[in-house]
Amino acid sequence: MSTNQILFGLGLVLTLAVGSQLVARSLRIPALVLLLPVGFVAGIATDDVHPDELLGALYQPFVSIAVGIILFEAGLRLSFGEVRPGIRKAVVRLVLAGGLITWLAVAATVAVLYDGIDRSVAVLIGAILVVSGPTVVLPLLAFIRPTRDVRSLLKWEGTLIDPVGALLGVLVFQSVSSGKGWQPGEMLLALGIGALVGLVGAPALLLLLREVQRSAPRMIVPATLMVVVAAVVAADLLNDDAGLMTAVLMGIAVGNQRRIDISLSLFEFQETLVQLLIGVLFVLVAASVSPQDVRSVMPEALVLLAVMILLIRPASVALATLRSPLAWPERAFVAWMAPRGIVAGATASAFGPKLAQEGIAGADKVLPIVFIAIFSTVVIYGLTASPGARILGVAGSGGTQVLIVGGHAWAREIAEALERSGVAVRMWVGPADHRTAAQGAGLHADRGRIMVDAVSREAELEEVTDALFLTESDDFNTLGAADLRDELGHEHVFRIAPHPEEPHLVPPSREAGILGDRSLTFEELDRQFAAGARIVTRTPETTGAGRTDTPLFVVRSGGRLSVLADGHAPDTRAGDTLIVLAAEREGAPDPAAPAAGDPVGVDRTRG
């Protein structure tokens, strides 16, 4: 390839990798559903994105390092504290017994379906399709937000099964290509080498991070990347694919230690580097498969897929979760969640062509069969797992959930008005008396934590879509809103207006997301409520002339929330609910005022 072709190919791969994820986010579908077909079509349309042509001998080393980084980041998320003892046993059984069942059953099915295929090739395909992996499982879990036990079981299985399955594939490949037969000791040796390098690398990384955190915290991510890559490469040089085990163990060690907290800085792995690597790897693997290869194995591959999804996975889960604390809907969802990921594709693209060059019958079918399995499981699980989880009752709410930070009287009124309008609310409340009052009103209120470790933060913000900072501290509201905007998005985090003179910190001059307008400071809201103002709900038909309302929120059908910020006027239509700050008028009560015995804030003008 010429320099211009390589330049074009690299640019196209990066554009497709990031662009697909942005489009998927706007369509509210898992990114993996788009990445594979986009890469496949790109491979048909041009040879410039074919990994063997674009990267040549660099492709396999790049995949090894990239997958190692991804697995390290996945290991950071594996907290021992989030896994109950009964779930830990299920994880072990699902990885070991479930992996063995999957391997043997897939190998037998392939041998039956494909005439003339060498049995060793069928065994290799079975080993490759054991893996699932965090590259596919974690994005789907983030999209679905299942219950805690289901999430922890699938997270641990998906992360641990990758190195085990990859090493199993290496073992089978070596036994076939060398002609020496089955040598299980080789796999144990690789696992031991990976564990040993990980046990050396993890303390070294922690010592380095302790110093970097003191002197150059901005260098935490580059320093971590340096040590992780060095450890993965060292383990791989000692034994093929042992670096995957090293990466997982180092991630678990760093994620579960409590001496230093660098997890928020390492969150950049997931937000930037890991997301980019996942996109690039899926595009490259998909581009490496031709339509002719897919057509040659398609009918039998679809039968294999049905057997894997409908028979093998449910059988593995039934055995692994026997006598576990999981309820039957949770077991059913786990049985319907086994997408294959990038490690399967990378292993197939490495071993299949090599065995084909040695003339082993059916070796040319390894990559297309595995590609169909990856593509189909990602699409099937990606499109059905979320509705399936809702049907089984193991999914998160999936709708709008507002986090209100602050628990004084009018913050509670806002929370109650939102809940009456169909919006789910959580509250972070500091003072114990405020928290007790909020809980007494039936609100979900706890102390909450901000700027905590990454795993706790992920659980703390689970299902939160929007945030309102209503505390009396303008400085805290400024810093808290800035922090959560990186998490939830700039159009989903709001705060009350800061007092122009009193904060210790000068507020950002161009900051957007001020609830109502800049006149509604904490002091002004306190003054208005002391004078009789309250939070009420109205319909568009009951708003209009003669009222001195300040609109704050519009709740649309299905509980969708629109926060009225920065002085914007409400855009309402029939069926919407308008939540306003209603001021007490002199001389006559507001027609929306509650009568004796009515709940505070109910708009009696709605009939």
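**Meet a sheet, a helix and a pocket**

Biologist: In what order do the four strands of the open sheet lie?
Modeller: In this predicted model, strands (DSSP E runs of at least two residues, numbered from the N terminus) pair if DSSP finds at least two bridges between them. The pairing in this open sheet is antiparallel. Its four strands follow the order S6-S9-S7-S8.

Biologist: Which strands stand at the edges?
Modeller: Look for strands with a single partner, so that one side of each is left without a neighbour in the sheet. Those are strand S6 (534-538) and strand S8 (561-563).

Biologist: What pLDDT do local features need?
Modeller: Residues are numbered from 1 along each chain as its sequence is written, and side-chain values use heavy atoms, leaving out hydrogens and water. Totals for chains, interfaces and linings use all residues, side-chain atom pairs count only at pLDDT 80 or more, and local features need at least 70.

Biologist: How far apart are the end C-alpha atoms of helix H17?
Modeller: Helices are DSSP H or I runs of at least four residues, and H17 covers residues 409-420. The expected span, 1.5 Å times one less than the number of residues, is 16 Å for its twelve residues. The distance in the model agrees with that: 17 Å.

Biologist: Which residue with a positive phi follows H17?
Modeller: Within H17, buried residues (under 20% relative accessible area, 1.4 Å probe, protein chains only) include Trp410 and Leu418. After the helix, phi is near 100° at Gly422.

Notes
Buried means under 20% relative accessible area, exposed over 50%, partly exposed in between (1.4 Å probe, protein chains only).
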